[in-house]
Amino acid sequence: MTKHSDLNSAAIAAHCATGAAHVAIEVIDETGSTNADLLARCATLTGPTLRVAGQQTAGRGRAGRPWVSQADASLMFSLAWRFKGPLHQLVGLPLAVGVALAESMTALGVPVQLKWPNDLLKDGHKLAGILVETQQAQGNDSGGVWAVIGCGINLLMPDALERQIGRSVSAVPWLAQMERNTLVAALLSRLAGVLAEFDDTGFAPFAERWNLLHAWQGQHVKILDNGQLLQQGVAAGVDHLGRLLLRTDGGLQEIMSGDVSLRLTGE
């Protein structure tokens, strides 16, 4: 199996589809956060840029929570992509990224499901997380928005790492056996195609694809914000903007993405 130290930008590029040929690829052994690295450089980036790290010492999840990882057990990368539209048109972007990753893994023989708004699940446990951070484009050709899309995927889950995380999580040892450059190229190729489409159409064309992968469709769920119950009902998928649809006693409610935790009722 290729370890993270064997990741190579030229090898990744060689396996990419033509739709990802314009993406600059950077491979580093270790950094604090690939998202933070790319956000700090948005003003000077000339095009889409993928940054892959063997290890992140300050990786982050949503709401600033730390992303606990271990070299060779995880695949961690960030992709900076410039979008034409204003910021509000990117509201469904994390969900579209989830569709791209889930479809990629399914094509590689690992069926996964999606949890709103930005997690991938396998066998009911978290397999991967997505963090999207944005920055207004600057400079002479200002206009549009840079999005830095961070992804962390648990390939293996050693007992010590699971204890450190503190909850049950999932892993994909099947993908961990893949040649790592080939795996990164497969994910990047699907992502590049989805992001180009999203830039033209927004989330609407992805809603049905997301709903087909919805882990908790038709199940009773509760929406929490910092531990406080906001809403509960039956999960009914997402709408054309990426809002979670919740069937409640008061009718159909639309939940916007934010720092909201989604739990099955009874958890």
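Let's start where two helices meet: in this predicted model, α3 passes α6 in a right-handed crossing. Their axes lie 9 Å apart, and the two helices pack at an angle of about 145 degrees.

Which residues of α3 and α6 make the contact? On the α3 side they are L93, A96, V97, A100, L101, E103, S104 and A107. Helix α6 brings A186, L187, R190, L191, V194, L195 and F198. Sorted by class, this contact has 12 nonpolar residues, 1 polar residue and 2 charged ones.

Now to the sheet. It is open and mixed in its pairing, with 7 strands in the order β1-β2-β3-β7-β6-β5-β4. Strands β1 (24–31) and β4 (113–115) stand at the edges and have a single partner strand each, so one side of each is left without a neighbour in the sheet. From one strand to the next, the twist averages 20 degrees.

At the β4 edge, 3 bridges join β4 to β5 (residues 119–122), and these two strands run antiparallel. There, Q113 stands opposite L121 in β5.

Both helices also meet the sheet, as the table shows.

| Helix | Residues | Strands involved | Direction |
|---|---|---|---|
| α3 | 93–107 | lies across β3 (74–83), β4, β5, β6 (125–136) and β7 (145–154) | about 140 degrees to β6 |
| α6 | 180–201 | touches β1, β2 (49–56), β3 and β7 | about 30 degrees with β3 |

Strands β3 and β7 appear in both rows: α3 lies across them, and α6 touches them as it packs on the sheet.

How values were computed. Residues numbered from 1 in each chain as written. Predicted model: local features only at pLDDT ≥ 70, side-chain atom pairs only at ≥ 80, totals over all residues. Heavy atoms only, no water. Pairing = 2+ DSSP bridges. Helix = DSSP H or I, 4+ residues; strand = E, 2+ residues; numbered from the N terminus. Axes fitted to C-alpha atoms, helices over the stretch in contact; angles between N-to-C directions. Contact = heavy atoms within 4.5 Å. Left-handed = near helix turned anticlockwise from the far one by under 90°. Nonpolar A, V, L, I, M, F, W, Y, C, P; charged D, E, K, R; others polar.
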